[in-house]
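Colleague: Got the structure up? Walk me through it, starting with the core.

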Amino acid sequence: MCAQQAFFFLIMIIITCGSMKNYIDVLRDMVFISLLLFTISCKQDSSITTFQMTTDKIRVDGKMDESAWQNAEWRPIDQAWLGAGYSAEDFSGRYKVLWDKDRLYVIAEIIDDTLVDIHADGLDRYWDDDCLEVFIDVDASGGDHQYNYNAFAYHIALDGKVVDMDVDSLPHYYSHVTNARTQNGNMTTWELAIQPHDDTFVRNKPYDKVELSPGRNIGFAIAYCDNDHSKEREHFVGSIAVEGEDKNRGWIDAGIFEKVKLVK
Ligand SMILES: [Ca+2]
Ligand SMILES: [Ca+2]
Ligand SMILES: [Ca+2]
Ligand SMILES: [Ca+2]
């Protein structure tokens, strides 16, 4: 779309210039405008986030022993979606993502001064316990996903249970995410393997699995619900900036996810 717009813009300029100037001037303008548009286009392309494919087998054990993790880029979890300011000891987070044709793999390093699991029932106010939340829209369609399978917001609890809302408007456990975590002082390392699912998925029905390949765009975000001592979570910190007053929209609106390209 960007290239089409640029081409149209260029033609309009040439037509306008051509009616006013001689041929050499028009040619000069064409070269200048082409270079300008090329520069803008390159800047836009280089700003697209990419996730690298892994040829290493990833063992989901909460340890970054696999060499593929060493080469993957850290990305910050630093956008406050809910809650006032917090210190680096209260919460800090960063993550890496890899993929192969069957799975998306996530490592998240979370520093949290107090780990709490207040609600024994994993389907009861799970967002008010410490949990990692991963948002995936496997075809980058955007749009509403609150009570459908257009996209998923997997809440991964300290005990490894994975929950999202379903078409019945109720939370359910999902088997799409294998996960493990290790603890080193205040730092938790989470490792996840996520089976991609698109909107053809229906719970308890046969399902054709989605295969990932280079060039696919997905919608992605990750966040952490931090509670330490309160009735409700104290902070909700995500990986992407959300425009507007209400920043807690990831569990409803896949349009706020970051568009990411899978690359080899
Ligand atoms: Ca591992
Ligand atoms: Ca905390
Ligand atoms: Ca979708
Ligand atoms: Ca906490």
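Modeller: Sure. This is a predicted model. The largest nonpolar core holds 51 residues. Those with the most contacts inside it are Tyr105, Val106, Val134, Ile136, Ile156 and Leu192.

Colleague: Which strand gives the most to this core?

Modeller: Strand β12, residues 217-226. Seven of its residues go into the core.

Colleague: And Ile156, what is it in contact with, leaving aside neighbours within four places in sequence?

Modeller: Cys131, Leu132, Val134, Val162, Val177, Asn179, Trp190 and Leu192.

Colleague: Switching to strands. What does β12 pair with, parallel or antiparallel?

Modeller: β12 pairs with β14 in the antiparallel sense, over four bridges. Within that pairing, Gly219 stands opposite Lys259 of β14.

Colleague: How many bridges join β1 to β14?

Modeller: Four, and those two strands run parallel. β1 covers residues 49-53 and β14 covers 258-263. Thr49 has Val260 in β14 as its bridge partner.

Colleague: New topic. Where is Gly250 found?

Modeller: In the loop between β13 (235-238) and β14.

Colleague: Is Gly250 buried or exposed, and why?

Modeller: Gly250 counts as buried because it has 25 C-beta neighbours inside 10 Å. The cut-off for buried is 20 or more.

Colleague: Which residues does Gly250 touch, not counting those up to four places away in sequence?

Modeller: Phe135, Ala153, Ala221, Ala223, Gly238 and Ile256.

Colleague: What separates the C-alpha atoms of Gly250 and Ala153?

Modeller: 7.4 Å. Along the chain, Gly250 and Ala153 are 97 residues apart.

How values were computed
Residues numbered from 1 in each chain as written. Chains lettered and ligands numbered in written order. Predicted model: local features only at pLDDT ≥ 70, side-chain atom pairs only at ≥ 80, totals over all residues. Core = buried A, V, L, I, M, F, W, Y, C linked by C-beta atoms within 7 Å. Buried ≥ 20, exposed ≤ 12 C-beta atoms within 10 Å, placed from the backbone. Contact = placed C-beta atoms within 7 Å. Pairing = 2+ DSSP bridges.
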